[in-house]
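Trainee: I'm new to this structure and would like a close look at a single part. Could you pick one helix and walk me through its surroundings?

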Amino acid sequence: MSEMWTAKLRNKWQKELPIEKLLPDDQPAYVGSWIYVFGVLTLSALAMIIFSGLILAFEGPAWYHTSDAGKFTNSLHFWSVQLFFVFMVIHLWGKFWMAAWRGNRFATWATGAVAFIASIATAFTGYLVQTNFDSQWISFEAKDGFNSMGIGAWFNVTNLGQMLLLHVAFLPLILGVITVVHVLMVRKRGVVPPIDAEPSSVSEVGR
Amino acid sequence: MKAPSDSKRAFDAAPWKGPTKRYDIVKEGTIALVFVVVLTIILSLFMGSPDDTPLTFKGWAISNPDNLYATTVQELAGTSGSATYGGPYDNASSGLNVGPLWLQKWAGVTHPINSANDFVIAPLSTQITSLEIANALATWKSATDTQRHDWATAYDDAITKVEGKLSDVPAGAYGPVPALAKGLTDMAKDGALDAALLSQGGFFQTDNTKQILFFGDGSYLDDAGTTANLQGGTWGMMNETGRYPGQAWLWLYSFWYQIPPFNNEESKPIGANADAYIMYIMGVLSLGLVLIPIIPVIKTLPMRIPIQRGIWRQYYETQGIKRRKK
């Protein structure tokens with residue numbers, strides 16, 4: 001029984017990330033600053049981006065130019081992206097000043113940073129598929145940077161079809177997976193203790 | 001700053017054994033989601049979103065026909081930006097480089113573009129509206145490459161000499177080039193060039209590379225970008241049309257284009273290859289962001305600059321914890 005891959009995976013999961021860690025009903029007493037809110041706000045904005053993006057995907061890239069409902073949905077997508085980045089940047093700065101990579105949390109930091117970079121790539125392709133003047137301009141200007149690195153040979157910013165597929169399929173998938181891994185690592189490792197908290201300052205009294 | 005002791009490292013890594021408090025994580029997530037949804041709806045209702053109509057070749061032909069005409073001549077002469085670009089469109093130049101790294105050249109030609117044929121001859125061949133156009137196309141197609149080059153270059157030079165004022169161009173051995181340029185400009189005025197450029201090669205088309213490159217060779221797109229304050233020299237990457245925020249998160253990428261030597265194309269080698277240098281710099285900085293936890297000095301800043309004291313102020317006060325000694 002114990003030789004089964006399935007059983008091994010389940011046992012490892014239950015040991016590393018039991019449901020009590022995944023959905024805790026308590027947190028360390030130091031989790032009290034407003035800065036902690038920006039992680040969940042970032043996730044909320046991402047949910048709004050995916051929701052509004054799905055509607056836009058079903059209707060096609062040019063729908064919002066001619067429909068009031070489309071225009072409103074596009075606005076939801078646009079503003080949720082703007083909020084997403086505001087929240088994420090504040091979250092990122094907060095975690096930097098907390099040195100949140102301490103205590104074997106390097107991978108948590110790294111996945112967050114990669115998620116930030118992946119978000120920039122995803123948003124960039126979104127600007128390219130607006131099918132308006134802005135996307136004409138951005139694609140013309142941006143091609144030089146990608147071409148100069150040889151990337152433009154395969155990542156052609158003036159190819160609407162390629163950018164649309166990357167924006168609605170590949171990049172969100174990558175970003176989604178990284179985000180899930182990041183959140184699971186936060187839950188597994190727990191919230192990093194304060195920088196000035198020493199072992200001697202913590203009693204075992206608990207809750 | 002005193003380096004963390006082994007016991008401190010182990011303490012940071014271990015499950016928290018100190019005081020805790022009730023924390024409803026699902027409730028927090030739900031409130032955050034409702035807050036974001038409401039805020040997004042309010043912003044969308046009151047602010048809308050940017051959507052400036054895309055430029056068309058018809059618009060270009062009507063607003064500045066002489067520029068479209070002169071650009072067409074450049075495409076035929078092989079002197080336009082597209083015709084001299086290099087990879088991934090052609091082998092006309094080696095492209096940009098950083099030191100010994102010629103990545104643009106090494107990546108090769110993956111989207112071959114012949115600006116004379118793809119931008120002028122092929123579209124014009126789909127709509128032969130007069131005997132003059134038919135004769136001009138036949139003359140061009142039956143001529144040698146050298147003859148074509150001589151005609152188009154002579155005409156391109158003549159237009160450049162009179163600074164684009166077409167009525168001042170003296171008579172010369174230009175072959176069919178004037179007729180081809182006029183034919184394409186007229187075709188664009190009728191609105192036929194936009195579709196002809198896109199539809200080359202088949203019924204289904206989703207690649208706008210040819211249209212975008214042709215647009216960029218003239219002044220129409222560039223002028224529109226300047227009017228909308230989108231030029232790279234004015235933090236264009238961060239801007240958006242109208243009163244809307246753009247990709248503000250690209251501020252660091254845009255920053256390099258504002259300072260020497262990156263903002264001076266005459267400066268060699270960096271300014272002349274600024275696009276490549278800036279991509280490398282941003283690549284290194286992006287890697288640096290990921291690796292901050294192991295970069296000396298940077299990783300110690302949170303311990304040196306006590307912003308964290310504010311973040312955990314309540315806990316420190318409650319527990320009577322002083323700042324770690326230097």
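**A helix and its cover**

Mentor: Let's go with α8 of chain B, starting with what sits on top of its buried residues: that cover includes α4 (65–77), α7 (131–142) and α9 (177–189) of chain B. Keep in mind that this is a predicted model.

Now for the helix itself. α8(B) runs over residues 145–161, so to speak a stretch of 17 residues, and reaches 24 Å from its first C-alpha to its last, close to the 24 Å expected at 1.5 Å a residue. Which of its residues are buried? They are B:Arg148, B:Trp151, B:Ala152, B:Tyr155, B:Asp156 and B:Ile159. These buried residues cover an arc of only 120° around the axis, which puts them on the same side of α8(B). If you wonder how that spacing works, an α-helix has 3.6 residues a turn, so residues three or four places apart point the same way.

Turn the helix around and you meet B:Thr146 and B:Lys161, exposed residues on the face directed away from the buried side. Just after α8(B) comes B:Glu163, with a positive phi of about 55°.

Let's zoom out to the rest of the chain. Chain B has 17 helices and one strand. Its radius of gyration is 29 Å, well over the 20 Å that the globule rule gives for 326 residues, so chain B is more spread out than a compact globule. Along the principal axes, its C-alpha atoms fill a box of roughly 95 × 50 × 35 Å. Of the 326 residues in chain B, 34% count as buried.

The chain is split into domain 1 (6–48 + 291–319), domain 2 (57–227) and domain 3 (232–288). From the C-alpha centre of domain 2 of chain B to that of domain 3 of chain B is 29 Å. As for links along the sequence, take the contacts in chain B between residues at least 6 apart: 55% of them join residues at least 24 apart.

One last stop is the partner chain. The contact takes 86 residues from chain B and 89 residues from chain A. On the side of chain A that touches chain B, α5(A) gives the most, with 14 residues. Sorted by class, that side of chain A has 50 nonpolar, 28 polar and 11 charged residues.

Definitions and conventions
Residues numbered from 1 in each chain as written. Chains lettered and ligands numbered in written order. Predicted model: local features only at pLDDT ≥ 70, side-chain atom pairs only at ≥ 80, totals over all residues. Domains from an automatic or database assignment. Helix = DSSP H or I, 4+ residues; strand = E, 2+ residues; numbered from the N terminus. Rg over C-alpha atoms; globule rule 2.2 N^0.38 Å. Buried ≥ 20, exposed ≤ 12 C-beta atoms within 10 Å, placed from the backbone. Contact = placed C-beta atoms within 7 Å. Expected span 1.5 Å × (residues − 1). Arc of directions from axis to C-beta. Nonpolar A, V, L, I, M, F, W, Y, C, P; charged D, E, K, R; others polar.
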